[in-house]
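Please open the structure in a viewer and keep the selection panel at hand. The tour below proceeds stop by stop, stating what to select and what is found there.

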Amino acid sequence: MTAEALAGAELDDAGRARLRRWRLVLGGDAADGTGCALGARDAAMDGALSSLYGKADKPQTGKERSAGLGASAPSVARWLGDVRTYFPSSVVQVMQRDAIDRLGLSALLLEPEMLEAVEADVHLVGTLLSLNKAMPETTKETARAVVRKVVQDLEKRLATRTRATLSGALDRSARISRPRHHDIDWNRTIAANLKHYLPEYGTVVPERLIGYGRASQSAKKEVILCIDQSGSMAASVVYASVFGAVLGSMRTINTRLVVFDTAVVDLTDQLDDPVDVLFGTQLGGGTDINRALAYCQSQITRPTETVVVLISDLYEGGIRNEMLKRVAAMKGAGVQFVTLLALSDEGAPAYDREHATALAALGAPAFACTPDLFPEVMAAAIERRPLPIPDNA
């Protein structure tokens, strides 16, 4: 049924609700054809939507670009307060991103009153980090508070499962040859003793037992997180910093965190506070993966106990062939090399397919990874077993 037909019909509650939604979608122009009047709350919702989306069919530049919300932080802050009143937080986050993109409001994030009104999420943190160098001192503390809230929420969500998953992987990777009964790894023990199968008894005689060790308090594995901080990787930088802090808190893993664009910065000393790590990054600029991997390679002292995680869309501005040679050299020395095209919930990323194909040929397949999958990927790398690559990778 069309909106015009709905308007002329005797409607039940479901029909009136549909007509109301059509009215909000169409924006209330005289030609919308609904004939639906809005109550006070719906009218306020309609105003908030119109401020952002009302000029979508016109070029939005100069004064007209910001006409919907005004050009001052207080007016935008009032609008943010309205949308937080009328819409759920997930919708508010989408509208905030649209406001920044469509109306050019990034600069207004430099105002403390605006930051206090926003719904904080990973994408907003990425935007704040890209504005870090332009941010006045009066805003920086407010910005750090916003970033810290997001980081703490992420740590709360991710830390416990990550520690548990990796602790189990470390225990399993520390195999011992004379295990106690409850420490026997039966799958590996049977596989190692198949030649001792006795068909008349239908059993395997295990001449050599393989067991799980218990990870000691000394570091068993080395992990190097090498993170591309180009502008397209903002969400990945946020998640990687949080995971870096979690890994850094585990005494059985020596963790190093390196960020790069055309320069390389080692932020390992700041791992105990991911907020410091994030404000130590500088989103944007070029990319030199080869240079970053050269630095990571120089830090490896125990290749067979080292996992290198490169998080990058692989758009290389450096020397492609040298980059591939470094990956091949590290793998040849026994390093477990993991390539993540993104570490985020944003779906399929844009990436350099030629470089991804070349890395796959070296035995280092590149794939996008969600934060929830990351602990499993790291556990597989620690145990030197096949990585759990998503089906859509």
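Is E137 buried or exposed? E137 counts as exposed, because its relative accessibility is 61% and the threshold for that class is over 50%. These values, like the others on this tour, are computed from a predicted model.

**The whole chain**

Display the complete chain as a cartoon before selecting further residues. It has 16 helices and ten strands. The chain comprises 393 residues, of which 46% count as buried. Its accessible surface amounts to about 19000 Å², and carbon and sulfur atoms account for 50% of that area. If contacts are restricted to residues at least 6 apart in sequence, 74% of them join residues at least 24 apart.

**Helix 9: K140 and E137**

Return to E137 and add K140 to the selection. The two residues form a salt bridge, with 3.7 Å between the closest N and O atoms. Both belong to helix 9 (residues 137-173), where a spacing of three residues places them about one helical turn apart. K140 is partly exposed, its relative accessible area being 24%, whereas E137 is exposed.

**From helix 9 to helix 12: R144 and D276**

Next, select R144 and D276. Their closest N and O atoms are 2.6 Å apart, and the two residues form a salt bridge. This pair links distant parts of the chain: R144 is in helix 9 and D276 in helix 12 (residues 274-279), with their positions 132 residues apart in the numbering. Both ends are partly exposed, R144 with a relative accessible area of 22% and D276 with 28%.

**Strands 6 and 7: R256 and D266**

Now select R256 and D266. Here the salt bridge has its closest N and O atoms 2.5 Å apart. R256 lies in strand 6 (residues 253-260) and D266 in strand 7 (residues 264-266), so the salt bridge ties together parts that are ten residues apart in sequence. D266 counts as partly exposed at 26% relative accessibility, and R256 is likewise partly exposed, with a relative accessible area of 26%.

For a further selection, take R157, D345 and D372, which are joined into one network by salt bridges that share partners. Over the whole structure, a search finds 13 salt bridges.

**A nonpolar patch: W22, V25 and L26**

Switch to a surface representation and select W22, V25 and L26. Together they make a nonpolar surface patch of about 310 Å². W22 is found in helix 2 (residues 13-26). With a relative accessible area of 42%, W22 is partly exposed.

**The aromatic pair: F243 and F374**

How many aromatic pairs does a search of the whole structure find? The search finds one. Select F243 and F374 to display this pair: the ring centres are 4.5 Å apart and the planes are at 40 degrees, an arrangement classed as tilted. The pair links distant parts of the chain, with F243 in helix 11 (residues 234-248) and F374 in helix 16 (residues 374-382), 131 residues apart.

Are the two partners buried or exposed? F243 counts as buried, at 0% relative accessibility. F374 is also buried, with a relative accessible area of 1%. Both assignments follow because a residue counts as buried under 20% relative accessible area.

Note on methods. Residues are numbered from 1 along each chain as its sequence is written. This is a predicted model: local features need pLDDT of at least 70, side-chain atom pairs count only at pLDDT 80 or more; totals for chains, interfaces and linings use all residues. Side-chain values use heavy atoms; hydrogens and water are left out. A salt bridge is a side-chain nitrogen of Lys or Arg within 4 Å of a carboxyl oxygen of Asp or Glu. Helices (H or I, at least four residues) and strands (E, at least two) are DSSP runs, numbered from the N terminus. Buried means under 20% relative accessible area, exposed over 50%, partly exposed in between (1.4 Å probe, protein chains only). Contact means heavy atoms within 4.5 Å. Accessible areas come from the Shrake-Rupley method with a 1.4 Å probe; for residues, only the protein chains shown count as cover. Patches are made of residues with over 30% relative accessible area and no salt bridge: like charges are joined within 9 Å, nonpolar side chains (Val, Leu, Ile, Met, Phe, Trp, Tyr) within 5 Å. Rings of Phe, Tyr and Trp (its six-membered ring) pair if their centres lie within 6.5 Å; planes under 30 degrees apart count as stacked, over 60 as edge-to-face and the rest as tilted.
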